[in-house]
Amino acid sequence: MAGRVEGKVAFITGAARGQGQAHAVRLAEEGADIIAVDLLDDIATVPYPLAAPEELEETVRLVEARGRRIVARRRDVRDLAGLQAAVDEGVGALGRLDIVVANAGILTMGLDTAQAFLDVIQVNLSGVINTVTAAEPHLTEGASIVLTGSTAALLAGSVDMAGAGGLGYAHAKRQVARFGHDLARVYAGRQIRVNVIHPTNVRSGMMDNDYMYRAFRPDVAEPTAEDMIPALVAKSPMGVPWLEPEDIAALVVYLASDESRWVTGQQIKLDGGQLGPILTAGVPD
């Protein structure tokens, strides 16, 4: 079914690569114009490289190649004023705002400092709240808000045991789950939907880097992505090591479209069965 979000405009954070780029491309394929933002700089406590300017340029190219318009800006989700300016400019150019995808996030797993904890909270939780706050003045009936959670954060004794940074990641994503649940109630009377997606491992910049290879395979001198596969498969009932960003984007399109017009307040787990038999931590029903 083509044109599932025809004529709509989507605001996406963390849009330079990985899930954010995949969301921008899939929504553009289905008829949406895009407001895209990304930090395009590294954060000292994040032990892997974040997106570069040329990656956001590639998002622009991919969206325009699909015949859609895009307003792309370098913005930090921790900076509410900067986000508001980007959204206002995007709406001014594209005419409206229908879809919000709060996707930007970092992982500081293994770093046991207060700053690592605070950085991930500011990006993964405050950044989500800032994203919704910046979009709020432009949202009208029928809008859809999609927040990115994490299955790893829902497992007690998982990433929350990986130093202060890992604990910050778990805390932030669990609060995003609660935020999405409660925000859905706030917006229900205005016919604006809010849902949270909880992916398992996704092969993106956060996962596909030397730091994560070593974290999963400390027994290998110079591990590669392929070396991680047995460790990842062992945690997946369906035997999948990771999802591709496009797998998540397919669900984003559904939640952004009118096909899901009565779906709100949901915690949707794309996990290959990982959490099926497990009681999760701190997530509303």
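This note goes through the sheet, the helices packed on it and one loop residue of the structure.

1. The model is predicted, so local features need pLDDT of at least 70 and side-chain atom pairs count only at pLDDT 80 or more, while totals for chains, interfaces and linings use all residues. Residues are numbered from 1 along each chain as its sequence is written, and side-chain values use heavy atoms, with hydrogens and water left out.

2. An open sheet of seven strands, with parallel pairing, follows the order E3-E2-E1-E4-E5-E6-E7. Strands E3 (70–74) and E7 (267–270) stand at the edges with a single partner strand each, so one side of each has no neighbour in the sheet. On average, neighbouring strands of this sheet are turned by 15° against each other, direction ignored. Strands (E, at least two residues) and helices (H or I, at least four) are DSSP runs numbered from the N terminus, and two strands pair if DSSP finds at least two bridges between them.

3. At the E3 edge, strand E2 (residues 33–38) is joined to E3 by five bridges, and the two run parallel. Isoleucine 35 stands opposite valine 71 in E3.

4. Helix H1 (residues 18–29) lies across E1 (9–13), E2, E4 (99–102), E5 (144–148) and E6, and runs at about 170° to E1. Helix H9 (residues 245–256) lies across E4, E5, E6 and E7, and runs at about 170° to E6. Axes here are lines fitted to C-alpha atoms, for helices over the stretch in contact, and angles run from 0 to 180 degrees between N-to-C directions.

5. The axes of H1 and helix H2 (residues 53–65) come within 9 Å and cross at roughly 10°. That makes H1 roughly parallel to H2, a term for angles under 35 degrees. The contact (heavy atoms within 4.5 Å) is made by Gln21, Ala24, Val25 and Ala28 of H1 and by Glu55, Glu58, Thr59, Leu62 and Val63 of H2.

6. In helix H8 (residues 225–233), the buried residues are Ala225, Met228 and Leu232. They cover an arc of only 50° around the axis, which puts them on the same side of H8; the arc is that of the directions from the helix axis to the C-beta atoms. Among what covers these buried residues is H7.

7. Threonine 200 lies in the loop between strand E6 (193–199) and helix H7 (210–216). Threonine 200 counts as buried because its relative accessibility is 13%, buried meaning under 20% relative accessible area (1.4 Å probe, protein chains only). Apart from neighbours within four places in sequence, threonine 200 is in contact with Thr151, Leu243, Leu270, Asp271 and Gln274.

Key: Buried < 20%, exposed > 50% of the residue type's maximum accessible area, 1.4 Å probe, protein only. Parallel < 35°, antiparallel > 145°, perpendicular 65-115°, else oblique.
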